[in-house]
Structure formats: C-alpha cells, structure tokens
Number of protein chains: 2
Amino acid sequence: MSDDLRRNMALFPIGIVMKLTDLTARQIRYYEQNDLIQPARTEGKQRLFSFNDVDRLLEIKALIEKGLNIAGIKQVLQMQEPAMEQTEITTTSEEKRKDMSDKELHQLLRQQIMYRDATRHGEGALIRGELSRFFH
Amino acid sequence: MSDDLRRNMALFPIGIVMKLTDLTARQIRYYEQNDLIQPARTEGKQRLFSFNDVDRLLEIKALIEKGLNIAGIKQVLQMQEPAMEQTEITTTSEEKRKDMSDKELHQLLRQQIMYRDATRHGEGALIRGELSRFFH
DNA sequence: CTTTCTGTGTAATATTATCTAACATCTATT
DNA sequence: AATAGATGTTAGATAATATTACACAGAAAG
C-alpha cells in the first residue's frame, strides 16, 4: 500500500473535520462547491475526508485568513499541487487567462505575491502537511 | 501535543472502523461491552474510535482467529498493555485468580501458551501497531 | 452612495448512520 | 440434551449529515 494512497484514504466524517480544522460545515461544503476539495462519499452520499483533504483545508483556512478569495486560493493550490513541469504550468496559466479579465488576473497575481511574501518568512510557513504533526 | 495523545484522539465513527478492521458493528460493540475497548463518545453518545482503539481491535481480531475467547484476550491485552514491572504483573494475576476456578485458569494459561507459540514465529507477528503501517 | 458579489450564518426538511435492546442462531462445552 | 459464548438480525429511536433556500455583512464595482 503506497504512502500516497494511505493519505488519500477516506476516513473522517465532516464533524471530525470541523473539530480538526476549526471550520464550519458551511465553509467546508462551500469550498467543496468551489472545487477546492473533492472529499469522497459514502454509499449514502455523506462526505468522507482523507488526511490530504484535512491538510488542504488547513491550508485553505490559512489562505482565507491572509485575505485570499476563492479564486486566489484555487490558483495557489493548483500551483503547488500537481508539481508538474514548468511548461505545463505555463500552459495552465494561459488557459486560465482566457477566462479572466486583465484586472482580475492582476488582482490575483498581487494576492499571490503578497501570500508568497508573507509565507517566505515568519509565521506563515509549514502549512501543507500540518496534519502530519498530529498523527504519524 | 504528545505522540501518545495523538494516537488516542477520538476520530473514527464505527462505520469506518468496520472497514478498517473487517469486524461487524455487533462484534465491536460486544468487545466494548466486555471491556476489551473503551471508545470515546460524541455528545450524542455515538462511538468515536482512536488509532489505538483500531490497533487494539485488529489485535483482538487476530486473537479471536487464533481461537482465544474474551477472557483470554482480556488477559493477553492487559498483560502487554500497561508495560508495568514484574511485581505488578504478578499482583494483577493473583487478583484475577481469586475470581476464577482452577479449571478456568488452566484453560486460559493453555490458550495463552498456544498463542505465544503461534506468534513467536510465522504469520502472527506484528499485530499491535498494525495500523501504523496504514498511516504515518 | 447605491448596487452587486462573496463568503458565511441559519433554518427547514430529508436521508443516512448509529444506538440500544431483544430475540435468533450456531458452536463448543458440560 | 442443555448451557453458555459469540455473532447475526431486526425494530424503533436518536444523532449526524445532506440539500436547499433565504438572510446578511463586508468588499468590490458602478
């Protein structure tokens, strides 16, 4: 069983995730609705979250607290998640650009730069994988 | 946050534990009823299991499959759990003896010896902490 | 300074998951 | 055959979650 698979096992109901992340159910569902997370579902359609999901929610929360909006968070997440090559990142960015006005894009870039500045030094580090510190 | 505390955090509802251990809800509740596990409860009285609980259930399952009964499992578990000094183990054993007929005690000892023989070599090793292999 | 949009709160209702308790069943022991 | 231990199964109650709709405050836009 691969390590990656373990962290992606659907384990937690939303109630536990609420306590783990200090987010409300409303927030968690809203983030899912906006494709920031894709938790698994039970046969009866109830959400089941993995370690990775909880980690991601913790990161989303940190970004929210820094003032990013959903679009900005989406960009930041997909910018670090796939760990793909530079060419692919560029391609994705170009595609995104088609659906955005210049003003929107500039705002996003400003937000992201601020985020990177904030996290480069100080309290903002070590967001991703924070849950790893709670369990082995 | 101590490592021990992390493994004792109440996280999983019984449905997840069923899948994780391949035990039925009936079995899990029965083992609780017989004091083999003490899962936490939500405010609404629903069970919440920790990593340690799941580990313990996996061990209980292995012992069940070896033919041990509840009393035998209880002995084996409390024999390795507290990790206490030799004198204390003896004391506990003596106390237990008071409530048992000789025949019962002999049967238990026979079972435990068989268990130790079975686990000393072969497939029965590494029962406790098995869950650690599924998650970090 | 209104208007609009975003993110979240809240309430209502429906459905799923779990709980307890009781009785049934099967196996091994007496 | 009778008994006890471990589990299956069912019924009814309660808890947890899902979805949807409406409300609302603050930010953004006009």
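## Protein surfaces around two DNA strands

A phosphate oxygen of DNA strand C is 2.7 Å from an N or O atom in the side chain of Thr24(A). This is a predicted model, and the contacts described here are computed from it.

**DNA strand C**

Thr24(A) is one of the 20 residues around DNA strand C, and it belongs to the group that comes nearest, together with Arg26(A), Tyr30(A), Thr42(A) and Arg47(B). Of the atoms of DNA strand C that come within 4 Å of the protein, 75% are in sugar and phosphate. Besides Thr24(A), Tyr31(A) places a side-chain N or O atom 3.0 Å from a phosphate oxygen of DNA strand C. Chain B takes part through Gly15(B), where a backbone N or O atom is 3.0 Å from a phosphate oxygen of this strand.

Three elements give two or more residues to the surface near DNA strand C: α3 (25-33) of chain A, and α2 (14-21) and α3 (25-33) of chain B. α3(A) gives the most, with four residues. By class, this surface has six nonpolar, eight polar and six charged residues.

**DNA strand D**

DNA strand D is surrounded by 18 residues, and the closest of them are Arg47(A), Thr24(B), Arg26(B), Thr42(B) and Ile70(B). Sugar and phosphate make up 78% of the atoms of DNA strand D that come within 4 Å of the protein.

The table lists contacts to phosphate oxygens of both strands.

| Residue | Part of residue | DNA strand | Distance |
|---|---|---|---|
| Thr24(A) | side-chain N or O atom | C | 2.7 Å |
| Tyr31(A) | side-chain N or O atom | C | 3.0 Å |
| Gly15(B) | backbone N or O atom | C | 3.0 Å |
| Gly15(A) | polar backbone atom | D | 2.9 Å |
| Arg47(A) | side-chain N or O atom | D | 2.6 Å |
| Ile70(B) | polar backbone atom | D | 2.8 Å |

Near DNA strand D, α2 of chain A and α3 of chain B each supply at least two residues of the surface. The largest share, four residues, comes from α3(B). Five nonpolar, eight polar and five charged residues form this surface.

**The annotated span in chain A**

For residues 11-79 of chain A, an unreviewed UniProt entry lists "domain: HTH merR-type". The span is 61% helix and 6% strand, and its end C-alpha atoms lie 26 Å apart.

**The largest pocket**

The largest pocket holds about 540 Å³ of space. It is lined by 20 residues, and those closest to its centre are Pro13(A), Ile14(A), Gln46(A), Pro13(B) and Gln46(B). Two or more lining residues come from each of α2 (14-21) and β2 (47-48) of chain A, and from each of α2 and β2 (47-48) of chain B. The lining divides into eight nonpolar, six polar and six charged residues.

**Two positive phi angles in chain B**

Most residues other than glycine have a negative phi. Asp35(B) is not a glycine, yet its phi is positive, at about 65°. Asp35(B) sits in the loop between α3 and β1 (40-41) of chain B. With 49% relative accessibility, Asp35(B) counts as partly exposed.

Lys45(B), also a residue other than glycine, has a positive phi near 75°. Its place is the loop between β1 and β2 of chain B. Lys45(B) is exposed, because its relative accessible area is 61% and exposed means over 50%.

Note on methods
Residues are numbered from 1 along each chain as its sequence is written. Chains are lettered from A and ligands numbered from 1 in the order in which they are written. This is a predicted model: local features need pLDDT of at least 70, side-chain atom pairs count only at pLDDT 80 or more; totals for chains, interfaces and linings use all residues. Side-chain values use heavy atoms; hydrogens and water are left out. UniProt positions are given in the numbering used here, feature names are shortened, and annotations may be inferred rather than shown by experiment. A residue is near a molecule or strand if one of its heavy atoms lies within 4 Å of it. A polar contact is a pair of N or O atoms within 3.5 Å; within protein, one must be able to donate a hydrogen and the other to accept it, and residues adjacent in sequence count only if both atoms are side-chain atoms. Ala, Val, Leu, Ile, Met, Phe, Trp, Tyr, Cys and Pro count as nonpolar, Asp, Glu, Lys and Arg as charged, and the others, Gly among them, as polar. On a 1 Å grid over the protein atoms alone, a cavity is a set of points where a 1.4 Å probe fits but cannot get out, and a pocket is an open set with protein on both sides within 12 Å along at least five of seven lines; lining residues have an atom within 4 Å of a point. Grid points are joined across faces, edges and corners, and a volume is the space filled by probe spheres set on the points. Buried means under 20% relative accessible area, exposed over 50%, partly exposed in between (1.4 Å probe, protein chains only).
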